[in-house]
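Me: I'd like a close look at one part of this small protein. Please take it step by step, in short sentences.

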Amino acid sequence: MSFWLRSGVSLAETARRAGHSVAVLQRYYAKVLDGEEDRMNALIEQGLAEHEDGSEEP
């Protein structure tokens, strides 16, 4: 599960595949995501840029 989370699989999808709740993952595996803020911020910025580019099309 740690690999999935580090690879960018969402908490919800990882929980579903592992047969756990999101709460369990957050409690026991959230530490896996420590230090990932820069990567997550880059993903958010990329998504926002794609959204802005798409909303300007006719």
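Leaving out residues up to four places away in sequence, which residues does Thr 14 touch? Please start there and then work through the surroundings.

Reply: A caution comes before the answer: this is a predicted model. With neighbours up to four places away in sequence left out, Thr 14 touches Met 1, Trp 4, Leu 5, Val 9 and Leu 25.

Now place Thr 14 itself. Thr 14 sits in helix α2, and that helix covers residues 11–18. Is Thr 14 buried or exposed? Its relative accessibility is 0%. The cut-off for buried is under 20%, so Thr 14 counts as buried.

Next, follow the contact with Leu 25. Leu 25 belongs to helix α3, which runs over residues 22–29. Thr 14 has company where these two helices meet. On the α2 side are Leu 11, Ala 12, Thr 14 and Ala 15. On the α3 side are Val 22, Leu 25 and Gln 26. How are the two helices set against each other? The axes of α2 and α3 are 9 Å apart, and the helices pack at an angle of about 105 degrees. That angle falls in the range from 65 to 115 degrees, so α2 is roughly perpendicular to α3.

Look again at Gln 26, one of the α3 residues at this meeting. Gln 26 has 47% relative accessibility, so it counts as partly exposed. In sequence, Gln 26 and Met 1 are 25 residues apart. In space, their C-alpha atoms are 12 Å apart.

Met 1 has come up already, as a contact of Thr 14. Met 1 turns up again beside His 20. His 20 is in the loop between α2 and α3. Leaving aside neighbours within four places in sequence, His 20 is in contact with Met 1 and Ala 15. At 36% relative accessibility, His 20 counts as partly exposed.

Two more contacts of Thr 14 lead out to the surface. These are Trp 4 and Val 9. Together with Phe 3, Trp 4 and Val 9 form a nonpolar surface patch. The accessible area of the patch is about 300 Å². Phe 3 lies in helix α1, residues 2–6. Its relative accessible area is 65%, and Phe 3 is exposed.

Last, come back to α2 and its charged side chains. A search of the whole structure finds two salt bridges. Which residues pair up with Glu 13? One partner is Arg 16, with the closest N and O atoms 2.6 Å apart. Why do they fit along the helix? Arg 16 and Glu 13 are three residues apart in α2, so about one helical turn separates them. Arg 16 is exposed, with a relative accessible area of 58%. Glu 13 is partly exposed, at 23%.

The other partner is Arg 17, and here too the closest N and O atoms are 2.6 Å apart. Glu 13 and Arg 17 are four residues apart in α2, again about one helical turn. At 54% relative accessibility, Arg 17 counts as exposed. The shared partner ties Glu 13, Arg 16 and Arg 17 into one network of salt bridges.

To recap: Thr 14 is buried, while Arg 16 is exposed and Arg 17 is exposed as well. Thr 14 touches Leu 25 in one direction and Trp 4 and Val 9 in others.

Terms used: Residues numbered from 1 in each chain as written. Predicted model: local features only at pLDDT ≥ 70, side-chain atom pairs only at ≥ 80, totals over all residues. Heavy atoms only, no water. Salt bridge = Lys/Arg side-chain N within 4 Å of Asp/Glu carboxyl O. Buried < 20%, exposed > 50% of the residue type's maximum accessible area, 1.4 Å probe, protein only. Patch = residues over 30% accessible without salt bridge, like charges linked within 9 Å, V, L, I, M, F, W, Y side chains within 5 Å. Areas by Shrake-Rupley, 256 points an atom, 1.4 Å probe, with all protein chains shown as cover. Axes fitted to C-alpha atoms, helices over the stretch in contact; angles between N-to-C directions. Parallel < 35°, antiparallel > 145°, perpendicular 65-115°, else oblique. Contact = heavy atoms within 4.5 Å.
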